[in-house]
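Let's walk through this one together, a piece at a time. Have the sequence and the model open side by side as you read.

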Amino acid sequence: MKCALVYLCLCLCLALCSAAPTNDATIVSQSSDVQPDGYKLQLETSDGTKRNEEGILKNPGTDNEALAVKGAFSYVGDDGVTYSVSYVADENGFQPEGAHIPHV
C-alpha cells in the first residue's frame, strides 16, 4: 500500500513536469531517498527544469493512513519565461500555487 501511494504520487508529479516543453534535455543532477515512511527527490535538467519533492506517510498503520506531499517545480516556457509551481498534496487534495496560476 505504501509503495503504491509513493508510486502514484511520483507518476502524478512526472506527468505534471512532462507538461513543460522539452528539447532533448539531459539530467544535470538527480537524487532520491525512499524510506518506508516517506521519500525525498530532487531533479535538475540542462534545459533549466528543476523539481524537488518530499512525501511523508501520515498515520501509518491506521485507517487514516495518508501520504502528504509537498514540492515545487519550475521550467522555462517557449516564451522564455521561467514558470514556477509549488504544491501540497494531502488529505485536502492537490493544491498548486504559482504566479501564473489563477486563484479561486
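Start with strand β5, residues 82-90, which has two distinct faces. Tyr-83, Val-85, Tyr-87 and Ala-89 make up the covered face, while Thr-82, Ser-84, Ser-86, Val-88 and Asp-90 sit on the uncovered one. Keep in mind that this is a predicted model.

Now look at what β5 is paired with. On one side is β4, which runs antiparallel to β5 and is joined to it by 8 bridges. One residue pair to pick out here is Gly-71 and its bridge partner in β5, Tyr-87. Tyr-87, you'll recall, belongs to the covered face of β5. β4 and β5 form a hairpin with 5 residues between them, and in that turn Gly-80 has a positive phi of about 85 degrees.

β5 also pairs with β6, again antiparallel, through 5 bridges. Here the hairpin has 2 residues between the strands. Ser-86, from the uncovered face of β5, stands opposite Glu-97 in β6.

Time to step back to the whole chain. What pattern does the chain follow along the sequence? Reading along, you get α-β-β-β-β-β-β, that is, 1 helix and 6 strands. The strands come together in an open sheet of 6 strands, in the order β1-β2-β3-β4-β5-β6, with antiparallel pairing. β1 (27-35) and β6 (93-97) are at the edges with a single partner strand each, so one side of each has no neighbour in the sheet. From one strand to the next, the twist averages 10 degrees.

How far can you trust what you see? The chain's average pLDDT is 85, and 78% of the residues score at least 70. Confidence is highest in strand β2 (residues 38-45), at 97, and lowest in helix α1 (residues 2-18), at a mean of 53. Where pLDDT is low, the predicted coordinates shouldn't be read in detail. So let's stick with the strands.

Go to the other end of the sheet, to β1 and β2. These two run antiparallel and are joined by 8 bridges, and they form a hairpin with 2 residues between them. Gln-30 has Leu-43 in β2 as its bridge partner.

Move along to β2 and β3, which also run antiparallel, with 7 bridges joining them. Leu-41 has Glu-53 as its bridge partner in β3, and Tyr-39 stands opposite Gly-55 in that strand.

Glu-53 deserves a closer look. Is this residue of β3 buried or exposed? Glu-53 lies in strand β3 (residues 50-58) and has a relative accessible area of 3%, so it counts as buried. What does its side chain make a polar contact with? The partner is the side chain of Tyr-39, at 2.4 Å. So Tyr-39 turns up twice: it faces Gly-55 in the strand pairing, and its side chain is the one that meets the side chain of Glu-53.

Next, follow the chain into the loop between β2 and β3, where you'll find Gly-48. In this hairpin, with 4 residues between the strands, Gly-48 takes a positive phi near 95 degrees. Gly-48 is partly exposed, at a relative accessible area of 27%. Leaving aside neighbours within four places in sequence, Gly-48 is in contact with Ser-74 and Tyr-75. Tyr-75 is 27 residues away in sequence, yet its C-alpha is 5.9 Å from that of Gly-48.

A second pair is worth finding too. Val-76 lies in strand β4 (residues 66-76), and its C-alpha is separated from that of Thr-49 by 6.8 Å, with their positions 27 residues apart along the chain. Val-76 is partly exposed, at 33% relative accessibility.

One more loop is left, the one between β3 and β4, which holds Asn-59. Its phi is near 55 degrees, a positive value in a residue other than glycine. Asn-59 is partly exposed, with a relative accessible area of 42%.

To finish, zoom out to some totals. Buried residues make up 27% of the 104 residues in the chain. The chain exposes about 6900 Å², with carbon and sulfur atoms supplying 55% of it. Among contacts between residues at least 6 apart in sequence, 27% join residues at least 24 apart.

Key
Residues numbered from 1 in each chain as written. Predicted model: local features only at pLDDT ≥ 70, side-chain atom pairs only at ≥ 80, totals over all residues. Heavy atoms only, no water. Buried < 20%, exposed > 50% of the residue type's maximum accessible area, 1.4 Å probe, protein only. Polar contact = N/O pair within 3.5 Å; in protein donor to acceptor, adjacent residues only side chain to side chain. pLDDT = per-residue confidence, 0-100. Contact = heavy atoms within 4.5 Å. Areas by Shrake-Rupley, 256 points an atom, 1.4 Å probe, with all protein chains shown as cover. Pairing = 2+ DSSP bridges. Axes fitted to C-alpha atoms, helices over the stretch in contact; angles between N-to-C directions.
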